[in-house]
Amino acid sequence: MTSRRTLLKGTLFGSTAALLPTAASASGGGSVLRLPAPTGPYPVGMQTVHLTDPARTDPWVGGVREVMLTVLYPARSVRGFSRAPQLTPAEAGVFAQYAPGRHPGLPGPGAVDWGAVLTHGYASAPPLPGRRPVLVYSPGGGDSRTLGTTLAEDLASHGRAVILVDHPGDASQVELPTGMRTTVLIGPPDPATFRTMVETRIADLRLVLDRLGDLPLAPVMDSCRIGLYGHSAGGTAAVYAARHDRRVGAVANLEGYLDLYPPPVGFDRPLLLFRTDGFEGAARIKSSWADLPGRRALLTDANHWAFTDYGSLVARLRTAGLVTATTRAALVGTGDPVVTLTEVRRRVGTFFAHHLS
């Protein structure tokens with residue numbers, strides 16, 4: 001498990017994603033950054049959903065468990081609708097305070113206008129008619145759901161409904177109707193705390209699956225074609241959540257360890273096991289995956305966070321002189337960010353297209 005400083009780093013890049021510094025914003029909040037555009041034929045709609053689970057007590061702060069979702073989907077039309085910001089104003093403010101502590105090489109306060117970052121999702125745009133495969137995403141340990149924006153938008157633009165899940169208390173920051181939640185994880189957790197984090201994520205994913213029929217976009221979601229995918233701890237949670245849940249037809253694990261519980265030997269659904277060649281935990285990853293029958297893929301000249309919005313952002317920040325070469329290599333590797341992003345999108349998109357067609 002990572003430290004609070006490491007946890008905050010993931011949120012920085014989730015908030016800015018694969019972005020390009022441009023002119024300073026009119027508000028004087030620093031450089032305005034852009035996300036890379038999705039490549040599919042459909043415009044993307046976006047809605048935010050708040051779920052509660054009265055049957056569960058939040059393990060971090062007590063009270064009823066709450067979960068925030070972003071749902072992305074092919075839109076019928078986006079005319080007259082606005083692109084949604086990646087962070088709420090309150091989240092952007094919290095994030096700006098956290099960013100400098102994430103990593104010594106990251107931009108300091110005022111260098112980037114985090115609140116000005118726009119997604120390519122149009123808020124509340126009407127969905128394109130039809131029943132769509134459903135993909136549910138769990139981010140890396142301590143990260144907010146925004147870290148998966150770039151890949152999710154691309155998957156949605158190719159005809160899927162994609163649900164990004166925040167795990168409050170674990171996520172570095174998430175704005176709930178009841179208020180702002182920041183991570184409770186300070187320093188490396190003991191094994192019991194880490195197990196609590198993963199078990200909570202598993203329960204959150206199952207809550208989302210249980211409530212699919214109640215979501216505003218339920219009419220365009222095909223509950224017979226469900227996939228889970230996740231990065232790092234999110235990949236771990238996705239595999240174990242699907243192990244005994246027959247609703248899930250396929251799982252993509254983006255460099256998540258599978259040794260926190262007994263290895264899921266005998267996993268009988270399609271499984272993508274996708275890792276980088278630069279991750280310092282490669283030996284443990286390979287060992288924990290050794291007896292699994294999944295399809296293996298390797299992202300070359302890359303590091304752990306290349307699966308996320310880091311992959312494009314860090315290289316752009318390096319070009320702009322806002323991070324060092326060492327920082328870039330440690331986070332995402334040294335490969336061409338366009339090639340890396342294309343490969344991640346291709347591998348994940350092709351996998352789910354083949355198994356959830």
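Reader: What makes up the lining of the second largest pocket, by residue class?

Author: In this predicted model, the lining of the second largest pocket divides into 9 nonpolar, 9 polar and 3 charged residues.

Reader: Which residues of that lining lie nearest the centre of the second largest pocket, and what makes a residue part of the lining?

Author: A lining residue has an atom within 4 Å of a pocket point. For the second largest pocket, 21 residues line the space, and Met 46, Thr 48, Thr 70, Pro 85 and Arg 145 lie nearest its centre. Two or more lining residues come from each of the strands S1 (44-57), S2 (64-74), S3 (83-85), S4 (118-123) and S7 (173-176). The volume of the second largest pocket is about 290 Å³.

Reader: Why is Met 46 counted as nonpolar and Arg 145 as charged?

Author: Met belongs to the nonpolar class and Arg to the charged class, so Met 46 and Arg 145 are counted accordingly.

Reader: How many cavities of 30 Å³ or more are there, and what is the volume of the largest cavity?

Author: The count comes to 3 cavities of 30 Å³ or more. The largest cavity has a volume of about 50 Å³, so this cavity meets the cut-off of 30 Å³. The term cavity applies because a 1.4 Å probe fits at its points but cannot get out.

Reader: Which residues and helices line the largest cavity?

Author: The lining consists of Thr 150, Leu 151, Ala 306, Phe 307, Thr 308, Asp 309, Thr 340, Leu 341 and Val 344. Helices H3 (149-157) and H9 (337-355) each give two or more residues, and H9 has the largest share, 3 residues. By class, this lining has 5 nonpolar, 3 polar and 1 charged residues.

Notes: Residues numbered from 1 in each chain as written. Predicted model: local features only at pLDDT ≥ 70, side-chain atom pairs only at ≥ 80, totals over all residues. Heavy atoms only, no water. 1 Å grid on protein atoms, 1.4 Å probe; cavity = no way out; pocket = protein on both sides within 12 Å on 5 of 7 lines; lining within 4 Å. Helix = DSSP H or I, 4+ residues; strand = E, 2+ residues; numbered from the N terminus.
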